[in-house]
Amino acid sequence: MTFLVTNDDGIFAPALRRLRDALSPLGRVVIVAPDRDQSATSHSLTLHRPFRIHRHEEDFFSVDGTPTDCVVAGYHGLLDHAPDMVISGINHGPNMGEDVFYSGTVAAAIEGTLQGVPSIAVSLATRELSDFVAPARFVSRLVRRVLDSGLPGRQLLNVNLPHRPWSEVSGVRITRLGSRVYRDTLIKKVDPRGRDYYWIGGEDPVWEPREGTDFFAVEAGYISVTPLRLDLTDEHALEDMQKWNLEA
Ligand code: MN
């Protein structure tokens with residue numbers, strides 16, 4: 001059993017070593033992570049320049065590319081054989097609702113799913129300091145479970161953990177993706193040479209407080225596990241759109 005572990009926060013993310021400690025009893029753990037913070041890079045691939053891979057120690061590599069590059073490298077030649085599972089995280093910050101579309105953490109797990117192996121994205125819902133020890137222990141429990149029961153093809157798990165002492169975690173909820181209320185803004189400034197530059201800004205995300213969602217669970221102190229499928233096809237629209245008569 002070989003686990004490929006990556007983290008879009010970069011190779012120095014403390015959660016990487018915690019995950020290695022927690023997963024080592026179950027098999028070989030190979031860490032392949034970007035050489036710097038690549039959060040919110042989504043599923044981007046580095047295609048317009050070469051990239052380098054640096055081996056820091058045995059089964060510990062950094063890539064000057066994206067989280068997706070890391071997984072692709074792990075499946076196409078970096079290792080002597082293809083990993084059996086991809087674990088992405090533990091991200092320092094939540095990845096819930098529509099944020100899964102921006103998330104480098106979720107994208108790396110999606111890439112694992114595309115490579116045909118069970119994959120899990122894990123995030124800790126805080127920006128505050130954390131030792132990641134208890135979250136990593138939960139990941140190892142979940143991984144054991146996935147090894148026992150497997151995951152359907154084209155499906156991955158997106159896990160978000162609440163930030164609180166382990167004894168105060170309320171339990172685990174299987175959830176659906178929540179919805180964010182968008183308040184992003186584009187902030188325009190002027191640089192010292194008189195040229196405009198922009199920041200994407202805005203307040204912290206606000207979520208619709210809908211029961212059964214990832215956000216609702218984490219807010220109430222539960223660990224949220226959301227099964228995601230890769231097929232984004234809208235089944236209802238398939239039928240409705242037959243009436244559009246686009247050939248006329
Ligand atoms: Mn990140």
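Here are some worked exercises on the structure above, each with a solution that goes step by step.

This is a predicted model, in which local features need pLDDT of at least 70, side-chain atom pairs count only at pLDDT 80 or more, and totals for chains, interfaces and linings use all residues. Residues are numbered from 1 along each chain as its sequence is written, and side-chain values use heavy atoms, with hydrogens and water left out.

**Exercise 1. The metal site**

Work out which residues coordinate the manganese ion and what spacing they follow along the chain.

Step 1: Pick out the donors (N, O and S atoms within 2.8 Å of the metal, or 3.2 Å for Na, K and Ca; water is not among the atoms, so sites may look incomplete). Asp8 (OD), Asp9 (OD), Ser39 (OG) and Asn91 (OD1) coordinate the manganese ion at 2.1 to 2.3 Å.

Step 2: Write the donors down in chain order, and you get D-D-x29-S-x51-N.

Step 3: Place two of them on the fold, where helices (H or I, at least four residues) and strands (E, at least two) are DSSP runs numbered from the N terminus. Asp9 sits in the loop between β1 (2–6) and α1 (14–23), while Asn91 belongs to strand β5, so this pair links distant parts of the chain, 82 residues apart.

Step 4: Check the accessibility (buried is under 20% relative accessible area, exposed over 50%, partly exposed in between, with a 1.4 Å probe and protein chains only). Asp9 and Asn91 are both buried.

**Exercise 2. Two pockets**

Describe the largest pocket and the second largest pocket by volume, lining and residue class.

Step 1: Get the terms straight. On a 1 Å grid over the protein atoms alone, a pocket is an open set of points with protein on both sides within 12 Å along at least five of seven lines, and lining residues have an atom within 4 Å of a point. Grid points are joined across faces, edges and corners, and a volume is the space filled by probe spheres set on the points.

Step 2: Take the largest pocket, at about 830 Å³. It has 29 lining residues, and Pro94, Asp99, Arg127, Arg180 and Pro205 are the closest to its centre. The elements giving two or more residues to this lining are β5 (85–92), β11 (196–202) and α5 (214–219).

Step 3: Sort that lining by class (Ala, Val, Leu, Ile, Met, Phe, Trp, Tyr, Cys and Pro are nonpolar; Asp, Glu, Lys and Arg charged; the others, Gly among them, polar). The largest pocket comes out with eleven nonpolar, nine polar and nine charged residues.

Step 4: Now do the second largest pocket, at about 510 Å³. Its lining counts 19 residues, with Phe101, Leu177, Leu228, Arg229 and Leu232 nearest the centre. β13 gives the most to this lining, four residues. By class, the second largest pocket has eleven nonpolar, four polar and four charged lining residues.

**Exercise 3. Salt bridges**

Find out how many salt bridges the structure holds, and look at a few of them.

Step 1: Count them, taking a salt bridge as a side-chain nitrogen of Lys or Arg within 4 Å of a carboxyl oxygen of Asp or Glu. The structure holds eleven.

Step 2: Look at Asp80 and Arg28, whose side chains meet at 3.3 Å, N to O. Asp80 is in the loop between α2 (67–75) and β5, and Arg28 is in strand β2 (residues 28–34), so the bridge ties together parts 52 residues apart in sequence. Asp80 is exposed at 65%, and Arg28 is partly exposed at 27%.

Step 3: Try Asp191 and Arg195, another salt bridge at 3.3 Å, N to O. Asp191 is buried at 16%, whereas Arg195 is exposed at 54%. Elsewhere, salt bridges with shared partners join Arg17, Arg20 and Glu57 into one network.

**Exercise 4. Backbone oddities**

Which peptide bond is cis, and where do Arg154 and Asn245 lie?

Step 1: Recall the background: most residues other than glycine have a negative phi, and most peptide bonds are trans.

Step 2: Check omega. The bond from Gly89 to Ile90 is cis, with omega near 0°, and Ile90 is part of strand β5.

Step 3: Check phi. Arg154 has a positive phi, near 60°; it lies in the loop between α4 (133–149) and β7 (155–161) and is exposed at 52%. Asn245 also has a positive phi, about 50°; its place is the segment after α6 (235–240), and Asn245 is exposed at 53%.

Terms used: On a 1 Å grid over the protein atoms alone, a cavity is a set of points where a 1.4 Å probe fits but cannot get out, and a pocket is an open set with protein on both sides within 12 Å along at least five of seven lines; lining residues have an atom within 4 Å of a point.
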